[in-house]
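Student: I would like a close look at one part of this structure. Please take the charged side chains that pair up, and then place them in the rest of the chain.

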Amino acid sequence: MKQRVITAVIALAIFIPILLLGGIWLEIAAAALAMVGVFEIYIMRKRIIVSIDFLITILGTLSLAVPLNFYKGWLPNGFNRLDIFYIFVVLLLMVTVFSKNKFNFEDASVSVITMAYVGIGFHYLASVRNSAGGLGLLMFALIVVWSTDIGAYSFGRKIGKHKLWPAISPNKTWEGTIAGVICALVLAGVYMIFVPQKYSMINMLIIALVLSAFGQIGDLIESAYKRFYKVKDSGNILPGHGGILDRFDSMLIVLPMLHIFGLV
């Protein structure tokens with residue numbers, strides 16, 4: 001517990017100033033976090049880090065993680081970041097040929113999913129913050145995710161009896177899941193009294209409900225691939241807390257949804 005507290009204090013002392021500053025500082029931080037996320041997935045897969053496919057996966061992830069204005073002024077007409085991303089997909093497929101299937105089609109598929117999952121997720125960490133009213137919106141998302149996690153964990157331990165999805169996450173319960181959503185709605189409602197958002201209170205509460213549910217799905221997604229790779233944590237960069245993906249599993253799903261809802 002002491003280690004967890006120390007790590008949390010240090011991490012927040014670094015993260016909060018960057019979050020408040022926003023701009024290029026958060027864009028750099030988001031890109032760095034994306035690279036660490038790719039590293040963690042490769043370690044879980046027991047893939048070689050010093051390899052051409054790792055380099056391509058890192059670059060492909062960054063092609064999605066960087067801000068949209070990164071590409072302005074130097075790409076040919078009609079080109080966009082999806083075209084750049086597709087080039088990296090093709091390069092991964094070429095590696096399957098030149099490696100004689102030592103790096104095979106399934107490996108390439110995992111790398112492509114990694115690029116999209118990690119790259120797009122961390123792209124919206126900076127994109128949300130750097131949008132108009134972005135700090136308030138990002139805090140709204142963080143409050144929804146954190147209150148869901150705390151509510152689900154606290155109430156799940158005390159009153160949880162019915163397992164949610166034991167094959168993937170044995171400790172999660174339906175009672176905890178529902179309590180997490182309720183906590184998110186209550187705290188999101190209180191937050192919006194003081195920090196009004198783009199839409200009306202009722203619409204934002206509906207969005208909070210969806211974000212809370214999908215945040216928990218993001219948690220289950222990470223549990224699924226960690227169980228598949230037979231690891232407890234995605235990494236150990238945060239002593240007592242696991243890896244970067246352990247801390248951002250819900251946000252990687254929730255942040256892009258803010259764009260889907262038209263908030264960014």
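Tutor: Start with Asp 53, which forms a salt bridge with Arg 47; their closest N and O atoms are 3.7 Å apart. This is a predicted model, and the distances here are computed from its atoms. The two partners do not share a burial class. Asp 53 has a relative accessible area of 4%, so it is buried. Arg 47 has 22% relative accessibility and therefore counts as partly exposed, since the buried class ends at 20%.

Arg 47 has a second partner. It also forms a salt bridge with Asp 107, with 3.6 Å between the closest N and O atoms. Arg 47 sits in the loop between helix H2 (23–45) and helix H3 (52–65), while Asp 107 belongs to helix H5 (residues 105–129), so this pair ties together parts that are 60 residues apart in sequence. Asp 107 counts as buried because its relative accessibility is 15%. The general idea behind such pairs is simple: side chains of opposite charge can pair when their charged atoms come close.

These pairs belong to a network of salt bridges that links Arg 45, Arg 47, Asp 53 and Asp 107. Searching the whole structure gives seven salt bridges.

The loop that holds Arg 47 also holds Lys 46, placed between H2 and H3. Lys 46 is not a glycine, yet its phi is positive, at about 60°. In general, most residues other than glycine have a negative phi. With a relative accessible area of 68%, Lys 46 is exposed. Another lysine can be set beside it: Lys 230, in the loop between H8 and helix H9 (244–248). Lys 230 is also a residue other than glycine with a positive phi, near 60°. Its relative accessibility is 73%, so Lys 230 counts as exposed.

Helix H8 (residues 201–229) contains a pair of its own. Lys 226 and Glu 222 are four residues apart in this helix, which means that about one helical turn separates them. Their side chains meet in a salt bridge, 3.7 Å from N to O. Lys 226 is buried, with a relative accessible area of 12%, and Glu 222 is buried as well, at 2%.

Now for the wider setting. The chain is divided into domain 1 (1–130) and domain 2 (133–263). Their contact takes 25 residues from domain 1 and 28 residues from domain 2. Between the centres of the two domains, taken over C-alpha atoms, there are 22 Å. How large is an interface of this kind? In general, its size is often given as the accessible area lost when the parts come together. For domain 1 and domain 2 the buried area is about 2500 Å², and carbon and sulfur atoms give 76% of it. On the domain 1 side, Met 44, Tyr 117 and Val 128 lose the most area to domain 2, together 29% of what that side buries. As for charged pairs, the rule finds zero salt bridges across the interface of domain 1 and domain 2.

Two threonines show what surrounds a buried polar side chain in this model. Thr 96 is in helix H4 (residues 81–98) and is buried, with a relative accessible area of 12%. Leaving out residues up to four places away in sequence, Thr 96 touches Asn 101, Phe 103, Asn 104, Phe 105 and Ala 108. Thr 173 is in strand S2 (residues 169–173). At 5% relative accessibility, Thr 173 counts as buried. Apart from its neighbours within four places in sequence, Thr 173 is in contact with residues including Gly 156, Gly 160, His 162 and Leu 164.

Last comes a piece of surface built from nonpolar side chains. A nonpolar surface patch of about 910 Å² is made by Trp 174, Ile 178, Ile 182, Val 186, Leu 187, Val 190, Ile 193, Phe 194 and Met 201. Helix H7 (residues 174–194) supplies the largest share of this patch, eight residues. Trp 174 is in helix H7, and with 46% relative accessibility it counts as partly exposed.

Definitions and conventions. Residues numbered from 1 in each chain as written. Predicted model: local features only at pLDDT ≥ 70, side-chain atom pairs only at ≥ 80, totals over all residues. Heavy atoms only, no water. Patch = residues over 30% accessible without salt bridge, like charges linked within 9 Å, V, L, I, M, F, W, Y side chains within 5 Å. Areas by Shrake-Rupley, 256 points an atom, 1.4 Å probe, with all protein chains shown as cover. Salt bridge = Lys/Arg side-chain N within 4 Å of Asp/Glu carboxyl O. Buried < 20%, exposed > 50% of the residue type's maximum accessible area, 1.4 Å probe, protein only. Domains from an automatic or database assignment. Contact = heavy atoms within 4.5 Å. Buried area = accessible area lost by both parts, 1.4 Å probe.
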